[in-house]
Amino acid sequence: MSELGQPRIVVIGGGTGLPVLLRGLKQYPVDITAIVTVADDGGSSGRLRENLHIPPPGDIRNVLASLSDVEPLVEEMFQHRFKTANELSGHSLGNLILAAMTSITGNFVHAIQEMSKILNVRGKVLPAANQSVVLNAEMEDGAIVSGESKIPYSGKKIKKVFLTSKTSIRPLPESIQAIRQADLIIIGPGSLYTSILPNLLVPRLGDELCRSHAKKVYICNLMTQAGETHGFAASDHVKAIYDHMSCAFINTILVNNEEIPPDIQLRYNEELADPVQYDLPELSELGLEVVHADIAYQENGALRHDPKKVAKILYNLLINETKERYES
């Protein structure tokens with residue numbers, strides 16, 4: 001429990017899925033810590049990372065916005081992306097502000113802390129590491145592809161991913177402490193190899209997850225992803241995580257059990273993506289508690305996890321877990 005008597009939740013991930021989940025969770029009386037990937041090397045984040053030698057700010061920016069409690073116009077301004085014919089084109093204002101704050105404070109983590117105050121963020125936002133890391137993938141044919149943005153487009157099947165950096169990769173002490181104090185740890189949702197695993201591969205973070213006594217929930221993706229998880233069932237996602245870890249640490253998996261509308265399936269078929277099937281016998285064989293529910297909704301023709309439904313399920317799991325723990 002936190003100093004305010006609230007249960008502590010740690011959410012680990014990145015990409016578009018994490019902010020959606022956090023928008024739902026922040027409505028509950030919980031102490032949230034989000035640990036966010038710093039492996040992005042594409043778009044505005046990649047350009048700032050390369051030009052200014054700072055960790056990529058994009059995923060952090062989206063998480064800050066999702067946990068912020070400011071006027072909608074301020075959030076819209078923070079998320080605004082320039083569409084010009086000069087060097088500003090493609091950059092979001094929030095990325096530029098985080099880059100400027102990093103230059104002012106001399107530290108990416110301090111920049112995030114200061115932006116959290118300005119945006120009145122409900123919770124803590126921590127990068128998985130206080131430095132840029134390079135995500136690499138070893139393919140089944142032995143080829144190595146370097147760069148998070150390049151991996152899904154290699155046209156080859158991923159065998160494993162790993163991190164490299166110019167300096168020794170270390171997690172933040174705050175991240176280690178948050179995992180040790182957590183009542184519930186949530187993994188995902190997000191791209192398996194490029195948003196989830198880059199966090200778990202940071203030295204010591206994975207080991208702390210293995211040692212943690214908190215309930216650990218994996219939110220499985222709704223759809224497979226071309227270049228990453230084509231043909232994967234829910235159990236394949238879990239096995240891929242375990243193949244990169246020193247332990248089988250997940251207690252519960254949350255999966256969607258409703259049929260995807262045909263028009264949405266057709267749209268995703270064009271991207272070589274299919275609904276993730278939850279293969280109950282295989283998941284049970286892995287020793288997982290399987291929670292299945294209608295947790296998907298449509299937004300602008302895309303399929304997303306419903307933040308309200310998912311947050312409610314997770315909060316109920318948390319309350320049951322903390323009740324059992326403090327009664328035992």
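**Exercise 1. Overall form**

What radius of gyration would a compact globule with 328 residues have, and what value does the protein have?

*Solution.* Let us start with the rule: for 328 residues, a compact globule would have a radius of gyration near 20 Å. Next, take the value for this predicted model, which is 19 Å and so agrees with the rule. Then look at the extent of the C-alpha trace, which spans about 55 × 50 × 40 Å along its principal axes. Finally, count the elements: the secondary structure comes to 13 helices and twelve strands.

**Exercise 2. Inside and surface**

Work out what share of the residues is buried, and describe the contacts and the exposed area.

*Solution.* Begin with burial: 54% of the 328 residues are buried. Move on to contacts with a separation of 6 or more, where 71% are between residues 24 or more positions apart. Last comes the surface: the protein exposes about 15,100 Å², and carbon and sulfur atoms supply 50% of that area.

**Exercise 3. Helix H10 and its surroundings**

Explain why helix H10 is described as largely enclosed by the rest of the structure.

*Solution.* First, find helix H10 at residues 234-243. Seven of its ten residues are buried, so the helix is largely enclosed by the rest of the structure. Now name them: Ala234, Ser235, His237, Val238, Ala240, Ile241 and Tyr242. Their packing partners are H8, strand S8 (215-219), strand S9 (252-256) and helix H12 (280-285).

One of these partners, strand S9, contains Ile253. With a relative accessible area of 0%, Ile253 is under the 20% cut-off, so Ile253 counts as buried. Leaving out residues up to four places away in sequence, Ile253 touches several others, including Ala234 and Val238, which are both among the buried residues of H10. Further contacts of Ile253 include Tyr218, Leu283 and Val290.

**Exercise 4. Two pockets**

Find the volume and the lining of the largest pocket and of the second largest pocket.

*Solution.* Take the largest pocket to begin with. About 1,200 Å³ of space lies in it, and 42 residues line it. Gly15, Thr16, Ser191, Ser195 and Gln225 lie nearest its centre. Among the elements that each supply at least two lining residues are helix H1 (17-25), helix H8 (192-200) and strand S12 (302-305). By class, the lining of the largest pocket holds twelve nonpolar, 21 polar and nine charged residues.

Now turn to the second largest pocket, with about 440 Å³ of space and a lining of 20 residues. Nearest its centre are Arg49, His53, Ile54, Ser132 and Lys166. H2 gives the most to this lining, with three residues. The classes here are five nonpolar, eleven polar and four charged.

**Exercise 5. Backbone details**

Which peptide bond is cis, and what are the phi values of His53 and Arg204?

*Solution.* Start at the bond from Gly188 to Pro189, which is cis, with omega near 0°. Pro189 sits in the loop between strand S7 (184-187) and H8.

Next, check phi. His53, in the loop between H2 and H3, has a positive phi of about 60° although it is not a glycine. Arg204, in the loop between H8 and helix H9 (205-211), also has a positive phi, near 85°.

To finish, compare accessibility. His53 has a relative accessible area of 67% and is exposed, whereas Arg204, at 44%, counts as partly exposed.

Note on methods:
Residues numbered from 1 in each chain as written. Predicted model: local features only at pLDDT ≥ 70, side-chain atom pairs only at ≥ 80, totals over all residues. Heavy atoms only, no water. 1 Å grid on protein atoms, 1.4 Å probe; cavity = no way out; pocket = protein on both sides within 12 Å on 5 of 7 lines; lining within 4 Å. Points joined across faces, edges and corners; volume = space filled by probe spheres on them. Helix = DSSP H or I, 4+ residues; strand = E, 2+ residues; numbered from the N terminus. Nonpolar A, V, L, I, M, F, W, Y, C, P; charged D, E, K, R; others polar. Rg over C-alpha atoms; globule rule 2.2 N^0.38 Å. Buried < 20%, exposed > 50% of the residue type's maximum accessible area, 1.4 Å probe, protein only. Contact = heavy atoms within 4.5 Å. Areas by Shrake-Rupley, 256 points an atom, 1.4 Å probe, with all protein chains shown as cover.
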